[in-house]
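Trainee: Hi, got a minute to go through a model with me?
Mentor: Sure, put it up and ask away.

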Amino acid sequence: MTRYQVVHRTEYRYAAPVTSSYGQTCLLPRDLDGQRCVDASLAIDPAPSDQRERRDFFGNRVSFFTVTTPHDVLSITSTSTVDVTSDRGSLPLGADQPWEEVRDRCRTLSGPVGIDARHHLLDSTSAPTTDVARTYAEQSFTAGRPVLDAVGDLSSRIHADFDFDPGATDVTSTIDDLFEARGGVCQDFAHLAVSCLRSVGLPGRYVSGYLETIPPPGKEKLQGADVSHAWASVLLPDAGWIDVDPTNDQFVDDRYVTVAWGRDYKDVTPVKGVVYTSGGRTQLKVTVDVTRV
């Protein structure tokens, strides 16, 4: 087992005073097989007049807050301690099934699992089933290929075919934009993987969280150098959801901390909301530290 402390800091600086802020965060890790959130807290400055937490449709921990004190800086800090087991990422039951059999079984699942599967087979705004995604996916999902072999190949191709380029896309970019730019960030690669899975009839979901970064040999880890991360997940009826990270071309292991999941980024946006101000530019600064403890 590995224990991590995750500190995620978000700071907004406003050009003009803000009279009130209404925000929603999705920053607190959830419990799941192979992961236990030991404790988690959310600190907001200025102090909110109202703050509460609920579980959303997908079971994610979502917090709402209202700040009515006039301010020109808003700071949101999430601090979590999370245990992750070392067997996470091991080969699951059913990994060698032909992907077509998995697809057909997912269509007939009943109960809560079946409902969950159907939600993640449907199009979403940022991960639609498109002809482009289907054509791209079909190169990996060839007839009779074992399902996780095909998923791993899809991940490897995304990693090889698209450059990691933070300037190539933004949070509004589409799958078509990614193919045109031939580059993007983890959010884009996760959306493409989910879109490809759905395009061939497999349930795909978008996962947000963190990845422990390893500094170069002989170098110390820089404070604040980690980042939020995103990856994709596919449903295997006999094993549950299996996570794969096309940005780093690997299946998810015990270096990952899961925060939330949904149909795409819009379901799990880390921070969003509305502010009342006279206008001007807003500066955003985000730092993340993922530390073994």
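Mentor: Let's talk through its empty space, one strand and some salt bridges.

Trainee: Anything to know about the ground rules?
Mentor: This is a predicted model, where local features need pLDDT of at least 70 and side-chain atom pairs count only at pLDDT 80 or more, while totals for chains, interfaces and linings use all residues. Residues are numbered from 1 along each chain as its sequence is written, and side-chain values use heavy atoms, with hydrogens and water left out.

Trainee: OK, what volume does the largest pocket have?
Mentor: About 1200 Å³. A pocket here is an open set of points on a 1 Å grid over the protein atoms alone, with protein on both sides within 12 Å along at least five of seven lines, and lining residues have an atom within 4 Å of a point. Of its 50 lining residues, the closest to the centre are Gln187, Ser228, Tyr265, Pro270 and Val286.

Trainee: Which strand gives the most to that lining?
Mentor: β1, with nine residues; strands and helices are DSSP runs (E, at least two residues; H or I, at least four), numbered from the N terminus.

Trainee: And what about cavities, how many of 30 Å³ or more?
Mentor: One. A cavity is a set of grid points where a 1.4 Å probe fits but cannot get out. Its lining consists of Ser126, Ser173, Thr174, Ile175, Leu178, Asp188 and His191, with α5 (175-181) and α6 (186-199) each supplying at least two of the lining residues.

Trainee: Switching topic: is β12 mostly covered or open?
Mentor: Mostly covered: seven of the seven residues in β12 (256-262) are buried, meaning under 20% relative accessible area with a 1.4 Å probe, protein chains only (exposed is over 50%, partly exposed in between). β12 pairs with β8 (204-211) in the antiparallel sense over six bridges; two strands pair if DSSP finds at least two bridges between them.

Trainee: Which residue is the bridge partner of Ser208 in β12?
Mentor: Ala260.

Trainee: Last one, how many salt bridges are there?
Mentor: The count is 14, taking a side-chain nitrogen of Lys or Arg within 4 Å of a carboxyl oxygen of Asp or Glu. In one of them, Arg3 meets Asp83 with the closest N and O atoms 2.6 Å apart. That pair links distant parts of the chain, β1 and β5, 80 residues apart.

Trainee: How covered are those two?
Mentor: Arg3 is partly exposed at 30% relative accessibility, whereas Asp83 is buried at 4%. Both also belong to a salt-bridge network with Arg36.

Definitions and conventions
Grid points are joined across faces, edges and corners, and a volume is the space filled by probe spheres set on the points.
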